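Thanks for sharing this one. Here are a few notes to read alongside the structure, going from the whole chain down to single residues.

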Amino acid sequence: NNLDTLYRQVIMDHYKNPRNRGSVEGDHLTVDMNNPTCGDRIELQLQVNDGVVEDAKFDGEGCSISMSSASMMTQAIQGKSVDEVLKMSRIFSNMMLGNEVEDDTLDLGDIESLQGVSKFPARIKCATLAWKAMEKGVDEEEA
Ligand code: FES
Ligand code: FES
């Protein structure tokens, strides 16, 4: 239907014109993570100051779902608190379980376009790769 078509266009736009591909300038932490099912990988760089994600950039090679998800995620988490980004990550996991997003207190931006991925179990790991890397980075930062 039309919504699926629109969502597909959003995903392809992020894949072809990734936001935040590159490196963070200044202090940052780096997380490397791969998807063991295909070997694709992401390198995520985060700059976290006083509990706020001030910058997020990524690099890596992967399918359109994984790379567009990384692009959308880095866009959505910039300027958000650690608490907020962890909440976003829970919302995203819930979306990947096929549940409706009920929380509209956080601006998920283009992320909603990935909700159709929940129908394709093999692709869910692609969509969550960047989020897992982010959670790991934030964990390390807090430790
Ligand atoms: Fe190819 Fe996930 S293994 S898209
Ligand atoms: Fe590897 Fe999608 S096929 S991350």
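**Notes on the fold and three loop residues**

1. Let me begin with the contacts. Counting contacts in the protein with a separation of 6 or more, 62% are between residues 24 or more positions apart. Please keep in mind throughout that this is a predicted model.

2. Next, the secondary structure. The protein has four helices and three strands, and along the sequence they come in the order α-β-β-β-α-α-α.

3. On overall dimensions, the C-alpha trace spans about 45 × 35 × 25 Å along its principal axes. The radius of gyration is 14 Å, which agrees with the value near 15 Å for a compact globule because the protein has 143 residues. As for burial, 34% of the 143 residues count as buried.

4. Now to the loop between helix 1 and strand 1, where Asn20 lies. Its backbone deserves a look: phi of Asn20 is near 65°, a positive value in a residue other than glycine. Is Asn20 buried or exposed? Asn20 has 20 other C-beta atoms within 10 Å, so it is buried; the cut-off for that class is 20 or more.

5. His28 is found in that loop too, between helix 1 (2-16) and strand 1 (29-34). With 17 other C-beta atoms within 10 Å, His28 is partly exposed, because that class falls between the limits of 12 or fewer for exposed and 20 or more for buried.

6. Which residues does His28 touch, leaving out those up to four places away in sequence? They are Gln45, Leu46 and Gln47. Strand 2 covers residues 41-49, so you may like to display these contacts together with that strand. For a longer view across the model, His28 and Gly116 are 88 residues apart in sequence, and their C-alpha atoms are 33 Å apart in space.

7. Last, please look at Asp50, in the loop between strand 2 (41-49) and strand 3 (52-61). Asp50 is not a glycine, yet its phi is positive, at about 50°. Asp50 is exposed because 7 other C-beta atoms lie within 10 Å, and the class takes in residues with 12 or fewer.

8. A side-by-side reading may help when you go back to the picture. Asn20 has a positive phi and is buried, whereas Asp50 has a positive phi and is exposed.

Note on methods: Residues are numbered from 1 along each chain as its sequence is written. Chains are lettered from A and ligands numbered from 1 in the order in which they are written. This is a predicted model: local features need pLDDT of at least 70, side-chain atom pairs count only at pLDDT 80 or more; totals for chains, interfaces and linings use all residues. Helices (H or I, at least four residues) and strands (E, at least two) are DSSP runs, numbered from the N terminus. Two residues are in contact if their C-beta atoms, placed from the backbone, lie within 7 Å. The radius of gyration is taken over C-alpha atoms; the globule rule is 2.2 Å times the number of residues to the power 0.38.
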